[in-house]
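Biologist: I am new to this structure and would like a close look at a single part of it. Could you take me through the salt bridges of one chain, with the setting of each partner?

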Amino acid sequence: MGKIGAWSSEQDRCENCVEMLFVRGSGNCVQCDTPLRKSNFRVQLFEDPTVDKEVEIRKKVLKIYNKRDFDFPSLREYNDYLEQVEDMVYNLTNNIDVENTKLRMEQYQRENRDLIQRNKVKLTREQEELEELLLLEQQGNEQRRLELLQEEKRQLQVKRKNKQALLDELEQSKLPATLLLAQHKVRAAQLETQIEQQKQAVKPTNLFSTGIHMRQTVSLQPAPKIEEVLYHYMPLQVETYGPPVPELDQLGRLGYLNHVRAALPQDTAGGYTSALACHRAVQDAFSGMFFMKR
Amino acid sequence: MFHNSSHGKYWIFQNEDEAEHKRYKANQKFRNKILESGKPGVSESKFLERHEEDVLFRHYERRMLDFCNAFKPAMPKSVVGTAIMYFRRFYINNSIMEYHPRIIMLTCAYLSCKVEEFNVSSTQFVGNLLQETPEGQERFLEQILEYELLLIQQLNFHLVVHNPYRPMEGLLIDLKTRYPALENPESLRKNADDFLTQAAMTDAGLLFPPSQIALTAILNSASRAGLGMESYLTECLGLKDDKETLSKMYESMRRMKTLLKKYELPKAEEVNVYKKKLERIHAEFASSSNKRKRGYEEDGHVAKEARLAEEEWTDEDLL
């Protein structure tokens with residue numbers, strides 16, 4: 001199942017059916033009998049054909065309505081513009097008021113031809129810059145990979161040479177075999193450490209990871225001092241329309257806690273103190289006591 | 001604090017007349033709705049008068065209290081208090097002719113369990129409807145769930161209710177700590193508790209802050225035991241120099257006591273007569289006004305889809 005049809009109707013067709021339909025050059029949609037062209041068929045990306053249809057319509061609309069947020073003097077106007085665009089996409093997707101919407105689009109296109117063109121150019125330039133950056137990154141990655149491979153090859157070669165040297169010596173030298181083996185082991189160990197050191201060695205570069213050049217002096221000016229009034233804490237005053245409630249930490253001293261159930265060890269483990277329940281009860285008792293509804 | 005809670009801001013009225021006026025308007029609204037709907041066989045006499053509605057309201061309130069007191073596991077007082085308050089608030093703005101109190105009272109209890117964090121599963125809840133078979137309980141549960149959203153909406157989504165039970169505890173603690181003139185404040189507890197239970201069946205919760213209700217309960221209990229507590233108000237609560245507030249407090253307490261005295265137990269014969277009238281009204285008119293669709297109706301009431309007609313059950317099914 002793949003391609004779906006043009007704007008006017010949304011259907012799934014498998015490749016074969018599409019081919020069959022167009023064997024004559026052009027065919028009509030089965031459901032709504034509008035003439036279709038083969039070039040208008042695309043590979044379906046989403047499961048729901050309506051979503052795919054909307055995506056296509058959106059691409060087309062946004063080609064024309066390509067204003068950006070800095071083209072508008074206020075956030076409100078930008079949002080209104082976006083809302084207009086969404087309405088258009090919605091109308092076209094759900095076949096509401098298609099004629100009118102298309103007319104409006106053409107009118108907009110005519111009126112803002114220059115702006116559209118400029119924005120298109122801007123967009124393409126931005127995309128190009130992005131692509132360049134991506135390319136650079138890719139190239140860097142490639143280089144690093146190649147270098148790594150070469151390094152590994154070299155190390156393998158060195159190891160092989162070492163082994164070969166050992167075999168040659170065993171053949172030709174007059175020294176005992178054990179001594180030769182010992183020498184060989186020492187040499188192999190030295191090679192290993194050499195390789196390790198090379199891995200640790202920092203590759204000489206002249207760029208920090210943030211992209212600043214090593215030699216470049218960046219002027220770090222001190223942050224501008226903002227003079228403001230210092231914050232002064234004022235405790236919150238709440239009008240309770242009732243007698244004053246003693247503070248939570250005063251309840252024990254004032255003797256309230258003698259008249260509430262003491263907290264069990266299980267309660268205190270969870271953070272509960274009898275003062276909490278006592279305070280809440282007294283607070284509720286006094287809250288709104290002098291309150292009179294007007 | 002209480003004064004800027006939703007309870008304090010929106011559900012405290014200035015006097016009893018204001019509350020009564022709202023109920024009158026709810027009654028009128030239902031009458032006009034039915035009269036204007038142009039149904040055949042409608043006459044004024046078929047509707048319930050305000051005092052008849054009152055009797056039935058008190059009757060169903062008592063049924064709800066019995067249901068909550070018999071509830072297993074034992075329902076804490078705050079849950080019961082909240083349920084009664086929901087019931088009362090709901091029928092401030094709605095007529096019992098429009099929504100049958102039998103189902104609303106169960107919905108109030110159910111919602112109150114949730115809000116006050118008293119964890120019962122829905123099956124456990126309807127399991128307390130002892131006269132019902134399991135299938136009957138299931139049907140009740142469906143109805144409760146249907147009306148739940150409506151109840152929440154008619155409470156204007158103000159679900160936190162400040163009950164006077166904790167203030168009473170706080171006052172007892174304060175008395176024990178700061179008022180040695182009263183030797184045994186614990187002796188006041190029982191009578192004060194009864195006062196609070198009775199007060200919940202009046203409009204006191206809609207007119208006075210819960211701390212005032214608790215204070216009245218304590219003072220009332222003390223005066224019944226022959227103990228004077230005026231110096232508590234002047235000394236401990238600091239009202240010695242604030243004569244105006246002190247006199248206003250006494251005034252509120254007097255009004256509250258009057259409310260409790262005015263309470264009449266609903267008489268069985270009256271209840272039966274009015275109940276029949278109510279059932280007839282619901283059978284004739286409720287089926288049209290309770291047409292439920294998914295989501296919101298035009299007149300702004302929230303409901304879910306109807307499953308069964310209400311005529312199948314009678315009150316005896318409940319308890």
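Modeller: What follows is a look at the salt bridges of chain B, in a model that is predicted. As a setting, chain B has 14 helices and 2 strands, and of its 319 residues 54% count as buried. Among its contacts with a separation of 6 or more, 78% are between residues 24 or more positions apart.

One salt bridge joins the side chains of B:Lys77 and B:Asp193, with a distance of 3.2 Å from N to O. This pair links distant parts of the chain, since B:Lys77 belongs to helix H4 (residues 77-93) of chain B and B:Asp193 to helix H9 (residues 189-200) of chain B, 116 residues apart. The two partners can be described in turn: B:Lys77 is partly exposed, at a relative accessible area of 41%, whereas B:Asp193 has 18% and counts as buried, because buried means under 20%.

Helix H9 of chain B also holds B:Arg189, which forms a salt bridge with B:Glu169, the closest N and O atoms being 2.7 Å apart. Because B:Glu169 lies in helix H8 (residues 165-178) of chain B, this pair ties together parts that are 20 residues apart in sequence. B:Arg189 counts as partly exposed at 22% relative accessibility, and B:Glu169 is partly exposed too, with a relative accessible area of 29%.

Beyond these pairs, salt bridges that share partners join B:Glu20, B:Arg23, B:Arg50, B:Glu53, B:Asp54, B:Glu61, B:Arg88 and B:Asp203 into one network. Over all chains, a search of the whole structure finds 33 salt bridges.

Notes: Residues are numbered from 1 along each chain as its sequence is written. Chains are lettered from A and ligands numbered from 1 in the order in which they are written. This is a predicted model: local features need pLDDT of at least 70, side-chain atom pairs count only at pLDDT 80 or more; totals for chains, interfaces and linings use all residues. Side-chain values use heavy atoms; hydrogens and water are left out. Helices (H or I, at least four residues) and strands (E, at least two) are DSSP runs, numbered from the N terminus. Buried means under 20% relative accessible area, exposed over 50%, partly exposed in between (1.4 Å probe, protein chains only). Contact means heavy atoms within 4.5 Å. A salt bridge is a side-chain nitrogen of Lys or Arg within 4 Å of a carboxyl oxygen of Asp or Glu.
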